[in-house]
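Here's a quick briefing on the structure below. Take a look at the overall fold before we zoom in on a single residue.

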Amino acid sequence: MKKPLVLAALLLAALPALADPVSAFRTCPVCQGKRALSLTPPNLGQNDGEIGVTPGKPFTTHRWDVKHPRCLICGGTGRMEFYRTKVPPPAPEAAEGLDRCPECRWAGVTPCRKCLASGLVACTACKSSRGGKPGWIKSEKRTSGSTSRHVKVLVTPCGTCGGIGRVVCPDCLGKGAQPCRKCKGDGGTPKKGPR
């Protein structure tokens, strides 16, 4: 009775080496590999009255662009690491005594449920800003002169996402996948003996 338990313990000890998450790199979906960002604020009323501005469209000369010398998502590398959720099965000798995990199928990871495997989620700091758009905060400043009152509209990038509207997923850290819950990231489960 003790021998199967010892064998199962040995198999479980060997599993993490079997299912090291297979990672790869992909082009950053925000900067498209350019490593830097230049974002044009949406026209939320701040450009009304400016010469050459079409209402509802960004300012044509882009003089209000927000420039980030390094992409805030990839850190200026132009690419992001992610976990592959589809991997080839291990060699038969490596998988001896194991069944393929029905959830992750040897990968050891499953797609992240929070970001739907994209690695990015909506920024919560600016998502519900009144009158704004994701990534941008709209505020109004009332000015008064001797004869008239005027409302000046200010549009500033969100302090959290910098105008992108998205941030790296806190659950998977941008990798798009998490350790499998069924096999605890091992990729396989011990074969059940005959009953």
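Which residues does glutamate 81 touch, leaving out those up to four places away in sequence? They are Ser23, Ala24, Phe25, Gly174 and Lys175. Keep in mind that this is a predicted model. Here's how that residue sits, followed by the bigger picture.

**Glutamate 81 up close**
- Glutamate 81 is part of strand β4, which covers residues 79-83.
- Is glutamate 81 buried or exposed? Neither, as it turns out: glutamate 81 is partly exposed because its relative accessibility is 29%, and that class lies between the cut-offs of 20% for buried and 50% for exposed.
- Among its contacts is Ser23, and here the two side chains also make a polar contact of 3.0 Å.
- Arginine 26 is 55 residues away from glutamate 81 in sequence, yet the C-alpha atoms of the pair are 6.5 Å apart in space.

**Fold and layout**
- The protein is built from one helix and twelve strands.
- Starting at the N terminus, the helix comes up front and the strands follow, giving α-β-β-β-β-β-β-β-β-β-β-β-β.
- If you take the contacts between residues at least 6 apart in sequence, 72% of them link residues at least 24 apart.

**Surface and burial**
- The protein has 195 residues, and 32% of them are buried.
- Its accessible surface is about 13,100 Å², with carbon and sulfur atoms accounting for 54% of that.

Key. Residues are numbered from 1 along each chain as its sequence is written. This is a predicted model: local features need pLDDT of at least 70, side-chain atom pairs count only at pLDDT 80 or more; totals for chains, interfaces and linings use all residues. Side-chain values use heavy atoms; hydrogens and water are left out. Helices (H or I, at least four residues) and strands (E, at least two) are DSSP runs, numbered from the N terminus. Buried means under 20% relative accessible area, exposed over 50%, partly exposed in between (1.4 Å probe, protein chains only). Contact means heavy atoms within 4.5 Å. Accessible areas come from the Shrake-Rupley method with a 1.4 Å probe; for residues, only the protein chains shown count as cover. A polar contact is a pair of N or O atoms within 3.5 Å; within protein, one must be able to donate a hydrogen and the other to accept it, and residues adjacent in sequence count only if both atoms are side-chain atoms.
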